[in-house]
Amino acid sequence: MTKRTLSIGLAAAAIFALTIGCGPKKTKTPPPQTPMTNTAPPSQPPPEGAPAIAFFTAEPTTIEKSQPSQLRWSVTNATNVQIDHGVGEVSPNGRRAVYPTATTTYTLTASGPGGPTQIASATVTVATPPPPPGPPPTSTRTVSELVAQLQDLHFDYDKSDVRPEDQAVLTADVAALKTIFANFPNVTITVEGHCDERGSAEYNIGLGDRRASATKDALVALGVSGDKLKTVSFGKERPICTDATESCYQQNRRAHFSAGQ
Amino acid sequence: MKLRQSLSLVLTAVTLALGAPFASGQQQPTIRIEGSGQVSNIAVTDFRASGAAQPFMASFNATVLADLQGSPLVKVIPKTLYPLQFPQTATDLLPAQASGPRTQVGLHLTDWNLPPINANYLGFGYGVDQNGQFIVFGYFYNTSPGMPSIQQAQVFGKPYTATLDEAGVTRVAHQYAADILAQFGGKSLVGTRIVFVSDRTGNKEIWSMNYDGTDQRQLTHYNTISTFPSVSPDGKKLAFTSWLRGRPEIVLFSLDTLRRLPFYNQQASMNAFVDFTPDSKRVIFSSTANGGAAQLFTANVDGSDLHRLSSSNTIEVEPKINPKTGAEIAFVSGRTGLPQVYRMSIEGADLQRLSNGEGEATNPAWAPDGLHLAFAWTKGFEPGNYNIFVMDVPTRNIVQLTSNEGRNENPSWAPDNAHIAYASKRGAKSQIWVMGADGRGKQQLTNQGSNEKPVWVQAVQ
């Protein structure tokens, strides 16, 4: 676990802010808040002292566009902990994957009755994507390493169209898939379609299927061999995030790649 | 479960059709069946209990009495006419007296058959608190002097178990009253079960339980996602959707042997959401066999003889055949944007939208009467905040059954047409609940893991 404070890197290819919010904002009677699943369980007695931020880090600090970076934090004596850029209210100890498309400084605000509000920030620098990785060194890499490089595509609520802003991701995925199929002719890749938790489980099976197949169609249109791509819908059965927030919903509305069966 | 089971079919249908949409300030219509021949006289004693169960007995006795008095199937003899002594358990009963002066009046079954009581049947029993559980032993006997023995005079005698609280006590009171009314042709829920999905083992598997939440059993052990259960009307087959081979596919199961039955899945990225025709011979499901968005298909119960039913370019899921007529299908489609409930004929003709287009409407579920359709609707709320509604399909009148109680989905009607099981998510996890078809008497049945997709059926494993 590295604890580094980060400096702001190149503010370069930043075009899109992290406005991944697409569905309507929740305004009334939200469903019961789902507690964080990845937080440490120790009970949190009412804070007595002033709020304090033990740490707030991002790991890694530099990513390529739309790759994940893990935010981690630990706060004591706070009754309200917020992270901006769409993350929202969080528990005092936790972590969260973020997928910024441009260099972003996340600010954590911890407030409580015992003292002044504390603020800490962590910056995730988005590097300009390097030219699509050329095939040469790949022969030494395993299929799973190569599959792990494939990036998720994301979708709007109740939609299955590949978004214009995902074109760069799509292009990178096409290159990576071609590399995989060139080096491992027997491998097939499964395109998984996923949904957020709001629609019915039944409808979402159909919607996830549309997302997987729209992704496959877009890849095939860019020259990827269609008979090496399978599609499967998981609907909302395999979420990667379980909070009732738009940023979490957005992470779940995705097409994800896995090595075929 | 407050709805009076006695009046089950008729009264529910009439209540929902006539009164319910505007019932808030009105009296519900009452129905009396007059002059329909001889009705049995029954006497039911006040049940007693000691300890922690004692404070609940007044409520128990009042509920039983109300259920019985509300039924046209029996006539309840007023308790003021009963003898001072009465049995509380089977062993209190004394054999019929041959002759001589009558002693211990009330402990002989035939005492109840004589004037001024003139009861044909006697119900009695008692309650106990067992480690915080409420157990009622309920008996029902024929009082006719023609009965050869006490044993043969017993109609039934059995324990009823519930949580020791107002809701649990009320529920077993309804059950006991329903068991009595079942002897006179009243529809009883006893023996019905609820098939559902639980992740308590770490994977979503198909489970079943009694309709009161007891006897929860795991039916599948596939260690993947197995969900969307349905049961054939003949009670012999269970269908569900499983990722057993990586993709959502239909799995058919015998409920007699708990083994898998053959089902031919189309070569498609998904085959899911099975419903059966009333004769249990054909199925209807959603598939991408056409290559585009999921559409509705019908096939034999083994998956052969496939026919396409719908042809749109939008997602169509959850086909549900009207169980009464077998002639129409309710389903969910995105034809006009967000998912809505539609219906069409079993041949795929005469398409109509049933929901009004507001928000998202999903999870259609026909009542056994074929006239009412329960569904989940986000009416007035943001996406995901579903509540349960019931539509009287001929008039399109709609009654809301849940509100401000978390996210409520997947309604399923009880065979008595008077109760509804559903999934309610009020915290991190979803649980199975039941309620009357008028929304009263809500009760939670599950608490281990997350539980969803209830399907209320006649007795199965």
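## Exercises on a two-chain model

The area buried between chain A and chain B is about 3,000 Å², and carbon and sulfur atoms give 57% of it; buried area here is the accessible area (1.4 Å probe) that two parts lose on being put together, summed over both. This is a predicted model, in which local features need pLDDT of at least 70 and side-chain atom pairs count only at pLDDT 80 or more, while totals for chains, interfaces and linings use all residues. Residues are numbered from 1 along each chain as its sequence is written, chains are lettered from A and ligands numbered from 1 in the order in which they are written, and side-chain values use heavy atoms, with hydrogens and water left out.

**Exercise 1. Describe the interface of chain A and chain B, and state which element gives the most to the side of chain A that touches chain B.**

Step 1. Begin with the contacts, which are heavy atoms within 4.5 Å: 34 residues of chain A are in contact with 41 residues of chain B.

Step 2. Next take the salt bridges, each being a side-chain nitrogen of Lys or Arg within 4 Å of a carboxyl oxygen of Asp or Glu. The rule finds 3 of these salt bridges across the interface of chain A and chain B, and the side chains of B:Lys425 and A:Glu197 meet in a salt bridge at 4.0 Å, N to O.

Step 3. Then look for polar contacts, that is, pairs of N or O atoms within 3.5 Å; within protein, one atom must be able to donate a hydrogen and the other to accept it, and residues adjacent in sequence count only if both atoms are side-chain atoms. Across the interface of chain A and chain B there are 13 residue pairs in polar contact, both residues being at pLDDT 80 or more.

Step 4. Now assign the side of chain A that touches chain B to elements, where helices (H or I, at least four residues) and strands (E, at least two) are DSSP runs numbered from the N terminus. The elements that give two or more residues to this side are α3 (201–221) and β11 (229–235) of chain A, and α3(A) gives the most, with 8 residues.

**Exercise 2. Work out the strand order of the open sheet of 4 strands in chain B, and follow the salt bridges that involve its strands.**

Step 1. Two strands pair if DSSP finds at least two bridges between them, and the order found for this sheet is β17-β18-β19-β20 (chain B), with antiparallel pairing. The edge strands, each of which pairs on one side only, are β17 (316–321) and β20 (352–353) of chain B.

Step 2. Strand β18 (residues 328–333) of chain B is joined to the antiparallel strand β19 (residues 340–345) of chain B by 6 bridges, and B:Met344 in β19(B) is the bridge partner of B:Ile329.

Step 3. B:Glu328 forms a salt bridge with B:Arg343, with the closest N and O atoms 3.0 Å apart. This pair links strand β18 of chain B, which holds B:Glu328, to strand β19 of chain B, which holds B:Arg343, 15 residues apart. Both B:Glu328 and B:Arg343 are buried, where buried means under 20% relative accessible area, exposed over 50%, and partly exposed in between (1.4 Å probe, protein chains only).

Step 4. The side chains of B:Arg335 and B:Glu316 meet in a salt bridge as well (2.7 Å, N to O). B:Arg335 lies in the loop between β18 and β19 of chain B and B:Glu316 in strand β17 of chain B, so the pair ties together parts that are 19 residues apart in sequence. B:Arg335 counts as partly exposed at 30% relative accessibility, whereas B:Glu316 is buried, at 0%.

**Exercise 3. Decide whether B:Thr227 is buried or exposed, and trace one of its contacts to a salt bridge.**

Step 1. B:Thr227 is found in strand β9 (residues 226–231) of chain B, and with a relative accessible area of 0% it is buried.

Step 2. Not counting residues up to four places away in sequence, B:Thr227 touches several residues, including B:Val197, B:Phe240, B:Trp243 and B:Glu452.

Step 3. The side chain of B:Glu452 meets that of B:Lys204 in a salt bridge (2.8 Å, N to O). This pair links distant parts of the chain, 248 residues apart, with B:Glu452 in strand β29 (residues 451–457) of chain B and B:Lys204 in the loop between β6 (193–198) and β7 (205–210) of chain B.

Step 4. B:Glu452 is buried, with a relative accessible area of 15%, whereas B:Lys204 is partly exposed, at 22%.
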